[in-house]
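Here are some notes on the packing in this model. Please read them with the structure open.

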Amino acid sequence: MHGEYKVPGGKLVVVDLDSAEGALRGVRVAGDFFLEPDEALDAVDAALEGAPADTDAAGLAARIDAALPAGTRMLGLTTEGVAVAVRRALAQATEWRDYDWQLVHEPPQPPALHMALDEVLTAEVAAGRRPPTLRVWEWAAPAVVIGSFQSLRNEVDSAAARRHGIAVVRRISGGGAMFVEPGNTVTYSLSVPESLVKGLTFADSYRYLDDWVLGALDDMGVAAWYQPLNDIATEVGKVAGAAQKRIVDGRGAVLHHVTMAYDIDADRMTEVLRIGGEKLSDKGTRSAKKRVDPLRRQTGLPREEVIDRMIGSFRDRYGLTAGGVTDAERARAEGLVRTKFATPEWTARVP
């Protein structure tokens, strides 16, 4: 069995192993990391050899920690990263380059249709009828997008939203409310097979699925990192928030989508969103306006170039072929708009 895992902010860890009678056998760890002294690698292999195959990542990391020679130095490598690679090998997880990725980047769509397309395209990936897909959104209208489990009245000032002509829609994933304006927002979705995130915890899958965009931001001069559970942040503030939904039908799939602030009307945002002090208490700021720091200021680039560079970064890493939404997929999505995403029963399902 073969497993790979790129340590966040570090290097690739590769593990090859067998499992016999419920224990790990023939464990070999490799990668492009740096490790001193040389015998530390043998100690890692030996620590994992014979470990019960059902040991979780924390338990595997503890075995390695206990076996490392005194003074061991790791650069681009962590014992937790090795443990995750082992779990991915045992789960027979797939890798990014195992797939022919498709790009969907179409003209602006209404907010409710975007919600529906996420559901339809991810279901198609789960069914095996669509390849793994990166979809870059273009917005036809401003919107507030609330999480699947959020209270409508607690999150949105509906009167202010109507006054400003801002649609309110509810997505199928959890997480917090997002304020969206055409031309001021960069949004993308990944619809991926469940096997791509096997062996990862739910929390780790967020960082894993967005490692490519952290690299793209770095290439644009923005030093960004993942702030658990689901924010992408820089030293001057949050730039993006992520959310996920797991589809269990068919082969299984994961919807992972991210909204990034390219520019923002902070006054309008705080007028429409009800952002309380409790939500900000663990973010290191007392002001919602200060919490979000747009990419326009940090990159100095036009929004279109930011998007082009992000797409180029993904293509360079994993390969990417231009595609589109099929007629059948669009018809299903439009039907879901009528029966679900544009209905008050769905939008206010948590009043």
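1. Strand 8 (residues 143-146) and strand 9 run parallel and are joined by 4 bridges. One of the pairs is Ile146 with Arg170 of strand 9. Keep in mind that this is a predicted model.

2. The sheet around this pair is open. It has 3 strands, in the order 9-8-10, and the pairing is mixed. Strand 9 (167-170) and strand 10 (178-180) are the edge strands; each has a single partner strand, so one side of each is left without a neighbour in the sheet. From one strand to the next, the twist averages 20°.

3. Which helix packs on this sheet, touching strand 8 and strand 9? Helix 4 does, and its direction makes about 15° with that of strand 9.

4. Helix 4 also meets helix 14. The axes of helix 4 (residues 111-127) and helix 14 (residues 327-341) come within 8 Å and cross at roughly 125°. That angle makes helix 4 oblique to helix 14. The crossing is right-handed. On the helix 4 side, the contact residues include Ala112, Met115, Leu117, Val120 and Glu124. On the helix 14 side, they include Glu329, Arg332, Ala333, Leu336, Val337 and Phe341. By class, the contact of helix 4 with helix 14 holds 12 nonpolar, no polar and 7 charged residues.

5. Which residues of helix 14 are buried? They are Glu329, Ala333, Gly335, Leu336, Val337 and Phe341. The cover over these buried residues includes helix 4, strand 9 and helix 15 (344-347). Note that Glu329 is on the buried list and also belongs to the contact with helix 4.

6. Look next at Gln109. Gln109 sits in the loop between strand 6 (102-105) and helix 4. Is Gln109 buried or exposed? The relative accessible area of Gln109 is 11%, and buried means under 20%, so Gln109 counts as buried. Leaving aside residues up to four places away in sequence, Gln109 touches His114, Glu138, Trp139, Ala140 and Arg330. Of these, Arg330 is also a helix 14 residue in the contact with helix 4.

7. A second sheet deserves a check. This sheet is open too, with 8 strands in the order 12-13-14-15-11-7-6-16 and mixed pairing. Strand 12 (225-227) and strand 16 (321-322) stand at its edges with a single partner strand each, so one side of each is left without a neighbour in the sheet.

8. How many bridges join strand 11 to strand 15? There are 9, and strand 11 (residues 185-193) runs antiparallel to strand 15 (residues 253-261). Pro193 is placed opposite Ala253 of strand 15.

9. Helix 7 (residues 202-209) lies across strand 11, strand 12, strand 14 (237-247) and strand 15. Helix 7 runs at about 120° to strand 14.

10. Another helix pair is worth viewing. The axes of helix 8 (residues 211-219) and helix 13 (residues 303-318) come within 9 Å and cross at roughly 125°. Helix 8 and helix 13 are therefore oblique to each other. Their crossing is right-handed. In helix 8, the residues involved are Asp211, Trp212, Val213, Gly215, Ala216 and Asp219. They meet Arg309, Met310, Ser313, Phe314, Arg317 and Tyr318 in helix 13. The contact of helix 8 with helix 13 has 6 nonpolar, 2 polar and 4 charged residues.

Note on methods
Residues are numbered from 1 along each chain as its sequence is written. This is a predicted model: local features need pLDDT of at least 70, side-chain atom pairs count only at pLDDT 80 or more; totals for chains, interfaces and linings use all residues. Side-chain values use heavy atoms; hydrogens and water are left out. Axes are lines fitted to C-alpha atoms, for helices over the stretch in contact, and angles run from 0 to 180 degrees between N-to-C directions. Helices (H or I, at least four residues) and strands (E, at least two) are DSSP runs, numbered from the N terminus. Angles under 35 degrees count as roughly parallel, over 145 as roughly antiparallel, 65 to 115 as roughly perpendicular and the rest as oblique. A crossing is left-handed if the near helix is turned anticlockwise from the far one by less than a right angle, and right-handed if clockwise. Contact means heavy atoms within 4.5 Å. Ala, Val, Leu, Ile, Met, Phe, Trp, Tyr, Cys and Pro count as nonpolar, Asp, Glu, Lys and Arg as charged, and the others, Gly among them, as polar. Two strands pair if DSSP finds at least two bridges between them. Buried means under 20% relative accessible area, exposed over 50%, partly exposed in between (1.4 Å probe, protein chains only).
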